[in-house]
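User: I have a model open on my screen and would like a close look at one part of it, the strands and how they pair. Could you walk me through that part?

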Amino acid sequence: MENSKIKLLLLLSLFYVLILSACNQKEESVDKSGVNEQEKVETLNQEEKEKVSTSNQDGLVESVEKISKNEEIAEDNHLNTSLTLVLEDVIPRDPSIDDNVYGYELNFIMKYMNHTDKDIKGFIAETYFYDMFGELVYTLDSKYEWDVIPANGSSNFNTAVDLNQFKDEDMRFYNLPFENMKFKYKIKSIIFTDGTSI
């Protein structure tokens, strides 16, 4: 009987030691996972900070680009409101009909209206010609440096462009009727008679 009690006590002690050992291991595991969780949280926080920093830098670059674009638009608007180009007529000239031309040519009857208080000596512009559907047909760089366009006045000007009969783009432009043509422009620079420019 005494032996059985001793055995039972030993078994209970052994069982108690096993339970304590298991609890200690679980506690260590919880500590380790707690440390790991803390490390994960710190890593995520650092990544978020880097994202925010990168996003702030991207936002700053984007803001600078927007400001630059807005300034460019304001400058374009200023140039385009300082001088108006009006396309009054386009006259095609065919060398098989007209002995005075050597190739296919379009003559432009233009009117330039100066909205500034200074005489304009010359300007550079990009001109765009569209069909009635709004499809771009032809682009032409224009440079004007002949007669002075008076302050708050206008000047009429006729110019021509030679076209290549072997280029589809040129012949499409040549055959585009004036009544179906839409004309747009972008003034690139204006030079005044006093030597200043915009």
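To begin with, what pattern does the chain follow when read along the sequence? After that, please take me through the sheets and a few residues in and around them.

Analyst: Happy to. Read along the sequence, the pattern is α-β-β-β-β-β-α-β, which gives two helices and six strands in the chain. Please keep in mind that this is a predicted model.

A word on confidence before the strands. The mean pLDDT of the chain is 79, with 60% of the residues at 70 or more. Among the elements, strand β3 (residues 120–130) has the highest mean pLDDT, 96, whereas helix α1 (residues 2–82) has the lowest, 59. Over residues 28–33 the pLDDT stays under 50, and the model shows zero contacts beyond four places in sequence for that stretch.

For the chain as a whole, 24% of the 198 residues are buried. About 14,200 Å² is exposed, and carbon and sulfur atoms supply 54% of that area. Of the contacts with a separation of 6 or more, 69% link residues 24 or more positions apart.

Now to the part you asked about, starting with the sheet that contains β3. This is an open sheet of three strands in the order β4-β3-β6, and the pairing is antiparallel. β4 and β6 are the edge strands, each with a single partner, so each has one side without a neighbour in the sheet. On average, neighbouring strands of this sheet are turned by 15° against each other, direction ignored.

The strand in the middle of that order, β3, is largely enclosed by the rest of the structure, because eight of its 11 residues are buried. β3 pairs with strand β6 (residues 182–192) over 10 bridges in the antiparallel sense, and eight bridges join β3 to strand β4 (residues 136–144), again antiparallel. Ile124 is a handy residue to click on here: it stands opposite Ser189 in β6, and its bridge partner in β4 is Lys143. Another pair to look at is Thr127, which faces Tyr185 in β6. As general background, strands of a sheet pair through backbone hydrogen bonds, either parallel or antiparallel.

β3 and β4 also form a hairpin with five residues between the strands, and Gly134 in this hairpin takes a positive phi near 85°.

The other sheet is also open and has three strands, in the order β1-β2-β5 with antiparallel pairing. Its edges are β1 (83–93) and β5 (154–163); each has a single partner strand, so one side of each is left without a neighbour in the sheet. From one strand to the next, the twist averages 20°. β1 and strand β2 (residues 104–114) are paired antiparallel over 10 bridges, and Asp89 stands opposite Ile109 in β2.

Within β2, have a look at Glu105. Glu105 counts as buried because its relative accessible area is 14%, under the 20% cut-off. Leaving aside neighbours within four places in sequence, Glu105 is in contact with Ile91, Pro92, Arg93, Ala160, Val161, Asp162 and Tyr174. Glu105 and Pro95 are 10 residues apart in sequence, with their C-alpha atoms 8.3 Å apart in space.

Next, the loops. Thr116 is found in the loop between β2 and β3, and at 13% relative accessibility Thr116 counts as buried. Its side chain reaches the backbone oxygen of Lys118 at 3.0 Å. Beyond its neighbours within four places in sequence, Thr116 is in contact with Ser82, Ala151, Asn152 and Phe192.

One of those contacts, Asn152, deserves a click of its own. Asn152 sits in the loop between β4 and β5. In contrast to buried Thr116, Asn152 is exposed, with a relative accessible area of 52%. Its backbone is worth checking too: Asn152 has a positive phi of about 50° although it is not a glycine. For context, most residues other than glycine have a negative phi.

To put the part together, the strands make two open sheets, one in the order β4-β3-β6 and one in the order β1-β2-β5. The contact between Thr116 and Asn152 joins a residue of the loop between β2 and β3 to a residue of the loop between β4 and β5.

Methods: Residues numbered from 1 in each chain as written. Predicted model: local features only at pLDDT ≥ 70, side-chain atom pairs only at ≥ 80, totals over all residues. Heavy atoms only, no water. Helix = DSSP H or I, 4+ residues; strand = E, 2+ residues; numbered from the N terminus. Buried < 20%, exposed > 50% of the residue type's maximum accessible area, 1.4 Å probe, protein only. Contact = heavy atoms within 4.5 Å. Areas by Shrake-Rupley, 256 points an atom, 1.4 Å probe, with all protein chains shown as cover. pLDDT = per-residue confidence, 0-100. Pairing = 2+ DSSP bridges. Axes fitted to C-alpha atoms, helices over the stretch in contact; angles between N-to-C directions. Polar contact = N/O pair within 3.5 Å; in protein donor to acceptor, adjacent residues only side chain to side chain.
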